[in-house]
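Trainee: I have just opened this one and would like some help finding my way around. Could we go through it together?
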Amino acid sequence: MAPPLAASLLDSLSPAARELLPLLFPLLLILLLLPCLAPASRSSSKLPPSPPGALPLIGHAHLVAALPHSSFRRLAARHPECGEFMTVRLGAVPTVVASSARAAQALLRTHELAFSSRVHTACVDVLTYGPADVAFEPYGERWRQSRKLVATHLLSATKVRAYRAARREEIELVVGQIRSAAAAGAGVDISELVRKYTNDMVCQAVAGRAIRVEGRDRVFRDLINQTLAILSGFNLENFYPGIAKVAGSVLMWPLRRKTMRLRDRWDDFLDSFIDLRMSEVGSNGAVASADDQDQDQDDRDLLHVLLSVQQEYGLTRDRIKGLMANMVAAATDSTFGVLEMAMAELMLHPDVMAKLQAEVRKSVPHGQNFVTEEDLAGMAYLKAVVKETLRIHPPTPLLPRVSHEDCVVDGYTIPAGMPVIVNAWALGRDPALWDAAEEFIPERFIHAGDTTCPDFRGMNFQFLPFGSGRRMCPGIGFATTHIEIMLANLMFHFDWELPGSVDTIDMTEIFKLTVSLKEKLVLNPRSRGDIIA
Ligand code: HEM
């Protein structure tokens with residue numbers, strides 16, 4: 001999953017390492033050739049087929065461009081023998097890519113347990129405190145415990161409901177900002193507005209309202225951006241683990257130093273929250289801030305809950321930090337990406353936008369000037385628009401797993417420890433499974449009474465925006481509630497136009513583990529002043 005690999009590799013080297021390169025080269029060559037000189041391993045002959053074009057040293061990396069989901073689909077389509085499963089070599093690492101619904105089902109359902117871990121590297125370990133989070137923690141008892149904690153105390157339907165008032169407050173702020181822009185005849189940066197909204201909401205749910213004080217929400221966003229940049233950038237360990245092991249201290253020094261500095265910033269930031277809460281610990285050992293005392297139990301943020309069960313669950317401080325950082329990072333860009341893409345698609349499809357606005361405006365009782373979460377229940381077209389956005393633009397286009405035991409899948413032997421990727425983006429656009437697969441047509445999700453209409457809860461393998469199986473996303477309810485209520489209000493309050501100088505929307509994507517638009521989405525709002533008091 002490299003940006004053009006050779007260039008990134010050179011960029012990542014320190015000046016000293018670049019000077020050493022001629023000396024290191026023979027060593028690198030021996031390390032790279034070792035697998036070729038060794039007798040073929042028992043299982044390698046049974047790996048899925050590889051597309052042609054692999055080069056010495058870099059394998060298929062030159063064929064994988066900045067949008068790996070799109071490159072993998074192109075490779076699979078060009079070489080029919082690779083259409084379901086293929087083995088691509090990224091640097092020295094063979095990786096199995098699944099590109100069909102049948103292949104996804106084989107990995108994520110039939111052999112679900114064998115593929116329920118994730119690859120992690122030294123950088124991931126540093127940034128995830130171990131790993132001590134949910135997303136990178138290897139499958140096992142500790143992962144189960146962490147997942148249960150966040151599923152119960154952050155992501156359950158009751159908890160999501162408890163943040164209804166905070167959501168409303170946040171959306172009213174956004175609507176107010178857009179209304180001011182509309183009055184001034186100015187454009188609004190939708191990308192920035194919805195990114196801030198999702199980040200603020202998840203930060204509040206994780207660390208409480210104090211997050212907004214002194215611009216700390218901005219610090220959180222910056223930390224997430226830096227973390228995603230490191231995790232999605234070039235890392236020698238991902239492509240040449242052998243070399244990284246032997247010569248890593250020289251070659252990886254710049255990246256390790258950058259990662260450690262970032263981790264120090266995470267530490268300072270998260271420790272400040274934890275210290276503040278600890279200073280509020282009551283005499284009975286229970287964590288209760290002045291704010292919390294009159295808070296409903298369901299309204300307590302994740303940090304509060306983690307501290308109150310710290311002893312019972314044996315949670316270390318690092319684990320608490322790992323879980324907090326993971327929730328904010330996993331929630332922000334994915335949720336924001338759907339809102340941004342939905343608005344972009346609606347602008348490109350004015351007929352869909354008009355139909356959605358009509359549904360939303362009709363569903364809100366006369367005289368009411370805000371779409372409430374109760375109103376959402378009747379909005380079938382809104383839900384279809386969100387689903388269609390998730391189908392055609394899944395914000396996490398690749399589902400990364402690793403096998404933790406040798407496993408025979410469809411006649412191929414995938415050895416323990418091999419990275420496996422399900423290309424969820426390709427599944428959602430497979431012309432064999434979807435009519436007019438490249439078109440944005442929300443109606444495909446609202447055939448009245450049709451129970452075959454695909455759902456995104458992990459059982460329809462042509463539609464996996466949230467993944468599938470025990471590692472599937474635990475944040476579905478949290479995400480869809482935040483997306484639906486914001487989108488409905490954007491449709492209710494405003495009509496939308498492209499800025500005068502622009503005649504279409506640039507849908508070019510950028511990939512940083514999640515996908516979003518490369519250029520920010522700027523639109524001109526027009527207020528529906530007749531409705532708003
Ligand atoms: C539209 C928004 C979102 C999308 C499309 C999305 C998608 C995904 C996907 C595809 C995975 C990998 C699943 C797999 O390997 O099968 C995942 C994992 C995860 N997501 Fe989400 N996600 C979203 C929002 C959220 C939110 C709001 C949270 C939490 C507040 C969250 C927390 C997580 C966590 C913790 C994992 C790791 C689960 C594990 O490994 O056990 N996500 N998400």
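Mentor: We can take the iron site, the backbone and the nonpolar cores in turn, keeping in mind that this is a predicted model.

Trainee: Let's start with the metal, then: what is the protein donor of the iron atom of the ligand?
Mentor: The only protein donor of that iron atom is C473, which reaches the iron through SG at 2.3 Å. As for its place in the chain, C473 is found in the loop between α20 and α21.

Trainee: And is C473 buried, partly exposed or exposed?
Mentor: C473 counts as partly exposed, because its relative accessibility is 31%, and the partly exposed class lies between 20% and 50%.

Trainee: Which residues is C473 in contact with, leaving aside its neighbours within four places in sequence?
Mentor: With those neighbours set aside, C473 is in contact with R147 and F466. In the UniProt record, which is an unreviewed entry, the annotation "binding site" covers C473.

Trainee: Switching to the backbone, where is the cis peptide bond?
Mentor: The cis bond runs from G130 to P131, and its omega is near 10°. P131 is found in the loop between α5, residues 122-127, and α6, residues 141-153.

Trainee: What about Y129, what is its phi?
Mentor: The phi of Y129 is near 60°, which is a positive value in a residue other than glycine. Y129 is found in the loop between α5 and α6, and it counts as buried because its relative accessible area is 6%, where buried means under 20%.

Trainee: Then A436, what is its phi, and where does it sit?
Mentor: A436 has a phi near 40°, a positive value in a residue other than glycine, and its place is in the loop between α20, residues 424-428, and α21, residues 476-493. At 42% relative accessibility, A436 counts as partly exposed.

Trainee: Now the inside: which residues touch the most other members in the largest nonpolar core?
Mentor: That core has 132 residues, and those that touch the most other members are W266, M343, L487, M491 and W496. Helix α17, residues 317-348, gives the largest share of this core, with 16 residues.

Trainee: Take L487, then: what does L487 touch?
Mentor: Not counting residues up to four places away in sequence, L487 touches L339, A342, M343, L346, L382, V385 and V386.

Trainee: How many residues are in the second, separate core?
Mentor: The second core has 23 residues, and L47, L108, A114 and F461 are among them.

Note on methods:
Residues numbered from 1 in each chain as written. Predicted model: local features only at pLDDT ≥ 70, side-chain atom pairs only at ≥ 80, totals over all residues. Heavy atoms only, no water. Helix = DSSP H or I, 4+ residues; strand = E, 2+ residues; numbered from the N terminus. Buried < 20%, exposed > 50% of the residue type's maximum accessible area, 1.4 Å probe, protein only. Donors = N, O, S within 2.8 Å, 3.2 Å for Na, K, Ca; no water. Core = buried A, V, L, I, M, F, W, Y, C linked by side-chain atoms within 4.5 Å. Contact = heavy atoms within 4.5 Å. UniProt positions renumbered as here; feature names shortened; annotations may be inferred.
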